[in-house]
Each structure stands twice: as structure tokens, then as C-alpha cells.
Amino acid sequence: MVDISGLDLTNVFKLVNLAVGILAVLGGISQFFPVSFQSTIIAIYVILFGVGITFLELVQVPHATSRYASFLFSFIGRGVFYIFIGTILLHDHVLRIIAGSIIAVIGLVYVALEFVPAIQVPENMRLNDYDDATETI
């Protein structure tokens with residue numbers, strides 16, 4: 001059995017999160033077709049979620065993010081969010097079903113990782129790194 005407790009998996013998680021963000025944006029774009037009011041609203045939400053996920057991996061996290069979207073800083077929170085995005089995409093077209101399935105499976109893996117003590121939350125997903133900069137009211 002391989003001991004993974006000492007490995008730094010930050011870059012792996014960063015790449016996986018970037019892939020989820022890109023898949024969500026592409027799935028959201030495909031959601032526009034066929035054009036209807038409902039598909040347009042869902043497409044806008046999925047694209048915004050995908051851009052947000054990508055944004056969290058590429059730039060310094062804004063301080064308000066740790067306050068208002070703290071679920072993104074744990075495996076279980078991010079996993080449930082990815083499952084939500086993936087299931088939104090699961091209909092009508094084969095590309096959406098593939099993208100939604102990949103995102104949902106990654107979400108399930110993240111939820112499972114919450115219960116694996118050998119794997120620590122990577123640096124870019126740690127809430128306490130951002131708590132120092134948040135102001136108290």
C-alpha cells in the first residue's frame with residue numbers, strides 16, 4: 001500500500017478544480033441550445049459557477065469569499081457543490097451528460113476525501129489561511 005500522507009497534492013487538486021471550472025463553463029455554454037427561458041437561466045448560473053471555480057484557482061481569493069462561501073474551503077462542501085453543478089447538466093445532450101457526469105464524480109470523490117484522514121485539504125482550499133484578513137463586525 002502506498003503511503004500518501006506526506007505527499008503535497010496541492011497542484012493535483014488545483015488542476016482538478018480548474019478542469020471542473022472549464023467543464024462547467026463549456027457545459028453552461030452548451031446549455032444555451034436549444035434556446036428557451038429555462039435553459040438560458042440554467043446556462044448563466046452554470047457558467048457563473050464555472051467562472052467562479054476557475055477564478056478561485058487562478059487569483060488571490062477575495063476576503064469576502066471565505067466569509068460568504070466558506071463551503072468552498074472543505075472537501076465535503078466543494079464536493080456537494082460539484083455534485084450540484086454536475087446534476088444540473090445531466091440532461092438532453094451527450095456532451096452535457098459527459099461533462100455533468102465527470103463533475104459529479106469528482107464531487108463524489110471530494111466528499112469521500114473528507115473522510116480520509118491521510119489526505120489534507122490543500123493550501124488553496126484552507127479556510128484559516130483567509131480568516132486573518134476578514135474583518136469582524
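The following questions and answers concern a predicted model of a single chain.

Q: What makes up the secondary structure of the chain, and in which order do the elements run?
A: The chain holds 6 helices and 0 strands. From the N terminus on, the order of its elements is α-α-α-α-α-α.

Q: Why is A24 called buried?
A: The relative accessible area of A24 is 0%. Buried means under 20%, so A24 meets the criterion.

Q: Where does A24 lie, and which residues does A24 touch?
A: A24 is placed in helix 1, which covers residues 10-31. Leaving aside residues up to four places away in sequence, A24 touches V46, G50, I85 and I103. In addition, the C-alpha atoms of A24 and A99 are 7.3 Å apart in space, although 75 residues apart in sequence.

Q: Why does T65 count as buried?
A: T65 has a relative accessible area of 17%. The limit for buried is under 20%, and T65 is therefore classed as buried. T65 belongs to helix 3 (residues 63-68). With residues up to four places away in sequence not counted, T65 touches L56, S70 and F73.

Q: What makes the aromatic pair of Y45 and F49 tilted?
A: By the ring-centre rule, the count comes to 8 aromatic pairs. Y45 and F49 form one such pair, with 6.2 Å centre to centre and 40° between the planes. Ring centres within 6.5 Å form a pair, and planes under 30 degrees apart would be stacked, whereas those over 60 would be edge-to-face. The value of 40° fits neither of these classes, so the pair is tilted.

Q: Where do Y45 and F49 lie in the chain, and which aromatic cluster includes Y45 and F49?
A: Both residues are in helix 2 (residues 37-58), 4 residues apart, which is about one turn of the helix. Y45 and F49 form one aromatic cluster with F71, F81 and F84.

Q: Why are Y45 and F49 called partly exposed?
A: Partly exposed is the class between buried, under 20%, and exposed, over 50%. Y45 has a relative accessible area of 48%, so Y45 is partly exposed. F49 stands at 23% relative accessibility and therefore also counts as partly exposed.

Q: How do you know that helix 4 and helix 5 are roughly antiparallel?
A: The axes of helix 4 (residues 75-89) and helix 5 (residues 94-113) cross at roughly 160° and come within 7 Å. Angles over 145 degrees count as roughly antiparallel, and the two helices are therefore assigned to that class. The crossing of helix 4 and helix 5 is left-handed.

Q: Which residues meet between helix 4 and helix 5?
A: On helix 4, the residues in contact include F75, R78, G79, Y82 and G86. On helix 5, they include R96, G100, I103, G107 and Y110.

Q: Which spans does the UniProt record annotate as "transmembrane region", and how much helix do residues 71-91 and 97-116 contain?
A: The unreviewed UniProt entry gives this annotation to residues 12-33, 39-59, 71-91 and 97-116. In the model, residues 71-91 are 71% helix and 0% strand, with end C-alpha atoms 26 Å apart. Residues 97-116 are 85% helix and 0% strand, and their end C-alpha atoms lie 29 Å apart.

Q: How many residues of the chain count as buried?
A: Of the 137 residues, 36% count as buried.

Technical notes
Residues are numbered from 1 along each chain as its sequence is written. This is a predicted model: local features need pLDDT of at least 70, side-chain atom pairs count only at pLDDT 80 or more; totals for chains, interfaces and linings use all residues. Side-chain values use heavy atoms; hydrogens and water are left out. UniProt positions are given in the numbering used here, feature names are shortened, and annotations may be inferred rather than shown by experiment. Buried means under 20% relative accessible area, exposed over 50%, partly exposed in between (1.4 Å probe, protein chains only). Contact means heavy atoms within 4.5 Å. Rings of Phe, Tyr and Trp (its six-membered ring) pair if their centres lie within 6.5 Å; planes under 30 degrees apart count as stacked, over 60 as edge-to-face and the rest as tilted. Axes are lines fitted to C-alpha atoms, for helices over the stretch in contact, and angles run from 0 to 180 degrees between N-to-C directions. Angles under 35 degrees count as roughly parallel, over 145 as roughly antiparallel, 65 to 115 as roughly perpendicular and the rest as oblique. A crossing is left-handed if the near helix is turned anticlockwise from the far one by less than a right angle, and right-handed if clockwise.
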